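Biologist: Before any term is accepted, I should like each one set against its criterion. Please show the model.

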Amino acid sequence: MIDTHAHLDACEEAPDLLLERARSAGVERVVTIGTGIGGGIIIDGRLYHGASDIAGEVGHMTIDANGRHCKCGNYGCVEAYASGPNIALRATEAIQTGAASSLASDVGGDLGRITAQTVYETAQAGDELAIDVVRDTAR
């Protein structure tokens with residue numbers, strides 16, 4: 001089967017999901033969050049693609065029409081804010097424009113080593129920039 005990784009994850013995970021309500025309705029959903037954000041919808045045991053073949057692709061739903069540019073070409077997609085690489089990118093851009101943060105020293109000055117995980121860890125340690133990025137991501 002050839003499809004998006006999120007759709008394939010939905011096919012793999014659907015039998016194991018503990019969503020009795022969804023099962024009784026014959027509908028299940030899977031959302032993947034990582035280097036991108038995707039999803040899949042299973043209806044009556046079959047992957048649902050929708051009219052445009054993008055059903056469940058929640059990562060490219062627009063949340064801010066004037067927002068960040070997304071790799072899909074749109075502006076303001078969920079993925080442009082909440083995917084791992086974009087969390088890291090937003091923190092890196094803030095540091096490059098002069099924001100104070102311990103993130104740069106946490107990665108030995110190599111801003112290319114900032115990841116979503118380092119942003120979250122630094123936020124837990126109380127770094128204001130990292131906290132702002134995490135809050136903005138959750139918004």
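Modeller: The questions below take up the chain, one helix, the cysteines and the main pocket in turn. The model is predicted, and local features need pLDDT of at least 70, side-chain atom pairs count only at pLDDT 80 or more, and totals for chains, interfaces and linings use all residues. Residues are numbered from 1 along each chain as its sequence is written, and side-chain values use heavy atoms, with hydrogens and water left out.

Biologist: How many helices and strands does the protein chain have, and what makes a run count as one?

Modeller: The protein chain has 7 helices and 3 strands. Helices are DSSP runs of H or I with at least four residues and strands are runs of E with at least two, numbered from the N terminus. Along the sequence, the pattern reads α-α-β-β-β-α-α-α-α-α.

Biologist: How do you know what span to expect for H4?

Modeller: The expected span is 1.5 Å times one less than the number of residues. Helix H4 (residues 84-96) has 13 residues, so 18 Å is expected, and the 19 Å from its first C-alpha to its last is close to that.

Biologist: Which helices do the buried residues of H4 pack against?

Modeller: They pack against helix H3 (79-82), helix H5 (103-106), helix H6 (116-124) and helix H7 (128-138), where contact means heavy atoms within 4.5 Å. The buried residues of H4 include Ile87, Ala91 and Ile95. Just after H4, Gly98 takes a positive phi of about 105°.

Biologist: Why is Cys77 called buried?

Modeller: Buried means under 20% relative accessible area, exposed over 50%, and partly exposed in between. Cys77 has a relative accessible area of 0%, so Cys77 is buried. Cys72 has 45% and is therefore partly exposed.

Biologist: What keeps Cys72 and Cys77 from being called a disulfide?

Modeller: A disulfide is a pair of cysteine sulfur atoms within 2.5 Å. The structure holds 0 disulfides. For Cys72, the nearest cysteine sulfur is that of Cys77, 3.7 Å away, so Cys72 is in no disulfide. Cys77 is likewise in no disulfide.

Biologist: What makes the lining of the largest pocket 5 nonpolar, 1 polar and 3 charged residues?

Modeller: Ala, Val, Leu, Ile, Met, Phe, Trp, Tyr, Cys and Pro count as nonpolar, Asp, Glu, Lys and Arg as charged, and the others, Gly among them, as polar. The lining consists of Ile63, Asp64, Val78, Tyr81, Ala82, Asp136, Thr137, Ala138 and Arg139. Thr137 therefore counts as polar, and Asp64, Asp136 and Arg139 count as charged. H7 supplies the largest share of this lining, 3 residues.

Note on methods:
Buried < 20%, exposed > 50% of the residue type's maximum accessible area, 1.4 Å probe, protein only. 1 Å grid on protein atoms, 1.4 Å probe; cavity = no way out; pocket = protein on both sides within 12 Å on 5 of 7 lines; lining within 4 Å.
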